[in-house]
Amino acid sequence: NRSSDLRARTHKFLFDDLPAPSLVDAMTAYDFSNPLVASFAFYAAVLVLKSAALSAMTSVARLRTGSFSNPEDVVFAMKKGQGKHDSANEEVARIKRAHMNDLENIPYFLILGPLYILTNPSVAVALWHFRLFTICRIVTTMCHIVSIAP
């Protein structure tokens, strides 16, 4: 059959010169002796901890201002003599926007970083990518909280 012969020749042309990937190669790419893996793990941990800190900051701001987004939380705060159902408190809203911004952007870093490592990039360039993203996320968070346009 002519079409199957064409498919076979096309497959041979496209793939026969490529080295076959192995599971061992993929596993060694993610070994902590690889400086990119160790650096990625560090910067990923910094970003995840920063996002978790924003969650805690939101809770602290809600308790301090007595501004809650859920009516059942207001009942809890009323026992202490404070609290209102107000989801528009500016301090809480700023921290919440910073947290939402993290939740929109950090997962891309956590997914694309390991894939980037598989491409075997230059260590210096990859480290700068990881550092720059992390620094930009920290600066963006500070700008959200203090109301400065980044």
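The expected span of a helix is 1.5 Å times one less than its number of residues. The structure examined here is a predicted model, and this rule can be applied to two of its helices.

**Helix lengths**

Helix α3 covers residues 35–65. Its 31 residues should span 45 Å, and the end C-alpha atoms are 45 Å apart, so the expectation and the model agree. For α5, with 29 residues, the expected span is 42 Å; the end C-alpha atoms lie 43 Å apart, which also agrees.

**Ends of the helices**

At the start of α3, a side-chain oxygen of N34 comes to within 3.0 Å of the backbone nitrogen of L36. After α3 comes G66, which has a positive phi near 70°. Helix α5 is likewise followed by a residue with positive phi, N120, at a value near 55°.

**Helix α5**

Within α5 there is a kink of about 30° at N105, shortly before the proline P107. The buried residues of this helix include the hydrophobic-named positions V92, I95, I106 and I117, and among them are also R94, H99, N101 and D102. F109 is another of the buried residues of α5.

**Aromatic pairs**

Six aromatic pairs are found in a search of the whole structure. A pair of aromatic rings is described by the distance of the centres and the angle of the planes. Two pairs that involve F109 are set out below.

| Pair | Geometry | Centre to centre | Angle between planes |
|---|---|---|---|
| F109 and F130 | edge-to-face | 5.7 Å | 85° |
| F109 and F133 | stacked | 4.9 Å | 0° |

The pair of F109 and F130 links distant parts of the chain, with F109 in helix α5 (residues 90–118) and F130 in helix α6 (residues 123–146), 21 residues apart. The pair of F109 and F133 also joins α5 to α6, its members being 24 residues apart.

Are F109 and F130 buried or exposed? Both are buried. For F109 the relative accessible area is 8%, and because buried means under 20%, this residue qualifies. F133, at 27%, is partly exposed.

Which residues form one aromatic cluster with F109? The cluster consists of F40, F109, Y116, F130 and F133.

**A charge over a ring**

A further contact involves the ring of W128: the charged end of R131 sits over this ring, 5.3 Å from its centre.

Technical notes:
Residues numbered from 1 in each chain as written. Predicted model: local features only at pLDDT ≥ 70, side-chain atom pairs only at ≥ 80, totals over all residues. Heavy atoms only, no water. Phe/Tyr/Trp six-rings, centres within 6.5 Å; stacked < 30°, edge-to-face > 60°. Helix = DSSP H or I, 4+ residues; strand = E, 2+ residues; numbered from the N terminus. Buried < 20%, exposed > 50% of the residue type's maximum accessible area, 1.4 Å probe, protein only. Lys NZ or Arg CZ within 6 Å of the ring centre and 35° of its normal. Polar contact = N/O pair within 3.5 Å; in protein donor to acceptor, adjacent residues only side chain to side chain. Bend = angle between axes of the 7 residues up to and from the residue.
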